Amino acid sequence: MLQLSNVSFRYMKKSILQDVSFTIPIGQIIGLVGENGSGKSTLLKVLAGLLRPSNGEVLLNGTPVTRRSADKIAYLPDIDLFFDFYTGEQLFQHYASQFEDFSYDKACIVAEFLQVDKNVKLRQLSKGNRGRMKMAATLGREVPYYLMDEPFSGLDPIVREQLIKGLIQFTDIEHQTILLSTHELYEVEPILDQIILLQNGSIIAHEEVETIRDVSNKDAVQWMKAYYKKG
Amino acid sequence: MTIDFSRDKPIYSQLVDRICGDILKGKLVLGDRLPSVREYAVETGVNVNTVQRVYKELEAMNITETKRGQGTFITTDEERIVLLREDMKNQLAEHFLTSIEALGFSKEEMLVVLQNKS
């Protein structure tokens, strides 16, 4: 269980997250949505142990999350921090040297499923193919928690659909949880169990997707827009 | 193929309708084996938990049965499918009636139109 209690984060004097609390159980796919600058990326980095909260705490199964928690948490960054002079193959080798839980075989299977060639240098790949390769490397890890920052951003609909299918195919929802931030809520909604809506660094809504449809007769996009109108 | 879901209904119930529809259309036949939960999730682009709920729902409706270690199968009970046909017809009719009512048409008026349509 990954648990945030009253987490705030300030950068210089600027408040980025304010009093954020929620619990992520195992066995869920959760979407983190909100406008640009609402704090999604910061929240994911705090959860991954890459940033320390200014206040509050993040607990993984009862112990505080630090950079060392990386053995339980796989983090997929938004920016291409990936070593672009590597080939996919070298990237996988690098992951294998860094993470004990990394399965080279699984990463290769995912890359094949996503139809991306692991023998090409990352910098020579298209944006879509780099997105595929990042996904293959991330899903190559066998961890209880995957935190993904905008895994579908800037990719065409065909690549997005393929990545979504890859997520379903190569994670085990009985033992794993995915928290992903996205602006493509319309397309991603069918794979989500829950949605967390962030605005100006605070959670303004947290709901099960089927409840949204069942109770309010709205899809997630309309539901989200209704909150913005109120705000 | 990924499905476009309508906005106002839970995704699991749209998938239940879809499988029922496939049975009525004959795309799925009595005794057919359904794909595994994960296969169906990947095929439709939907969360595994949602598909699990779909399969549970179908089983509760006695439309499918799960055989341990073998998977989920469409029932072999023909009467259940006859009943399903009737249910779907009724649902369609209800839906039609609410729609025409909303626009102020009478049932009689619409019957004439329906009969003249080929």
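**Exercise 1. Which elements of chain A do the buried residues of H8(A) pack against?** Work through the helix in this predicted model, and find out how its buried and exposed residues are arranged.

*Solution.* Begin with the residues themselves: in helix H8 of chain A, which covers residues 220-230, Ala220(A), Trp223(A) and Met224(A) are buried. Next, look down the axis of H8(A), where these buried residues fall within an arc of 95°, so they line one face of the helix. The general rule behind such a pattern is that an α-helix has 3.6 residues a turn, so residues three or four places apart point the same way. Turning to the face directed away from the buried side of H8(A), one finds the exposed residues Lys225(A) and Lys229(A). Finally, the buried residues of H8(A) pack against S3, helix H6 (185-188), strand S9 (194-199) and H7 of chain A.

**Exercise 2. Establish the strand order of the six-stranded sheet in chain A, and then follow the pairing from strand S6 to strand S3.**

*Solution.* The sheet is open, its pairing is mixed, and its six strands follow the order S6-S7-S8-S3-S9-S10 in chain A. Strands S6 (73-76) and S10 (202-208) of chain A lie at the edges and have a single partner strand each, so one side of each is left without a neighbour in the sheet. On average, and with direction ignored, neighbouring strands of this sheet are turned by 15° against each other.

Now step inwards from S6(A), which runs parallel to S7(A) and is joined to it by four bridges; here Tyr75(A) has Leu147(A) in S7(A) as its bridge partner. The next step leads from S7(A) to S8(A), a parallel pair joined by five bridges, in which Met148(A) stands opposite Leu180(A) of S8(A). The last step pairs S8 (residues 177-181) with S3 (residues 29-33) of chain A, again in the parallel sense, over four bridges, and Ile30(A) finds its bridge partner in Leu179(A).

**Exercise 3. Is each face of strand S7(A) covered or uncovered?**

*Solution.* Take the strand as a whole to start with: S7 of chain A, residues 145-149, is mostly covered, since five of its five residues are buried. As a general rule, the side chains of a regular strand alternate between the two faces of the sheet. Sorting the residues by side then gives Tyr145(A), Leu147(A) and Asp149(A) on one side and Tyr146(A) and Met148(A) on the other, and as they are all buried, both faces of S7(A) are covered.

**Exercise 4. Describe how helices H2 and H3 of chain B pack, beginning with their geometry and ending with the residues that meet.**

*Solution.* Two packed helices are described by the angle between their axes and the distance between the axes. For H2 (residues 37-44) and H3 (residues 48-60) of chain B, the angle is about 115° and the axes are 9 Å apart, while the crossing of H2(B) past H3(B) is right-handed. From H2(B) come Val37(B), Arg38(B), Tyr40(B) and Ala41(B), which meet Val48(B), Val51(B), Gln52(B) and Tyr55(B) of H3(B). Sorted by class, this contact has six nonpolar residues, one polar and one charged.

**Exercise 5. Why does Val65(A) count as buried, and which residues does Val65(A) touch?**

*Solution.* Val65(A) is located in the loop between strand S5 (63-64) and S6 of chain A. Since 20 or more neighbours are required for a residue to be buried, Val65(A) counts as buried because it has 25 C-beta neighbours inside 10 Å. Leaving aside residues up to four places away in sequence, Val65(A) touches Leu47(A), Gly49(A), Val58(A), Leu59(A) and Leu60(A).

Conventions. Residues are numbered from 1 along each chain as its sequence is written. Chains are lettered from A and ligands numbered from 1 in the order in which they are written. This is a predicted model: local features need pLDDT of at least 70, side-chain atom pairs count only at pLDDT 80 or more; totals for chains, interfaces and linings use all residues. Two strands pair if DSSP finds at least two bridges between them. Helices (H or I, at least four residues) and strands (E, at least two) are DSSP runs, numbered from the N terminus. Axes are lines fitted to C-alpha atoms, for helices over the stretch in contact, and angles run from 0 to 180 degrees between N-to-C directions. A crossing is left-handed if the near helix is turned anticlockwise from the far one by less than a right angle, and right-handed if clockwise. Two residues are in contact if their C-beta atoms, placed from the backbone, lie within 7 Å. Ala, Val, Leu, Ile, Met, Phe, Trp, Tyr, Cys and Pro count as nonpolar, Asp, Glu, Lys and Arg as charged, and the others, Gly among them, as polar. A residue is buried if 20 or more other C-beta atoms lie within 10 Å of its own, exposed if 12 or fewer, and partly exposed in between; C-beta atoms are placed from the backbone. The arc is that of the directions from the helix axis to the C-beta atoms.
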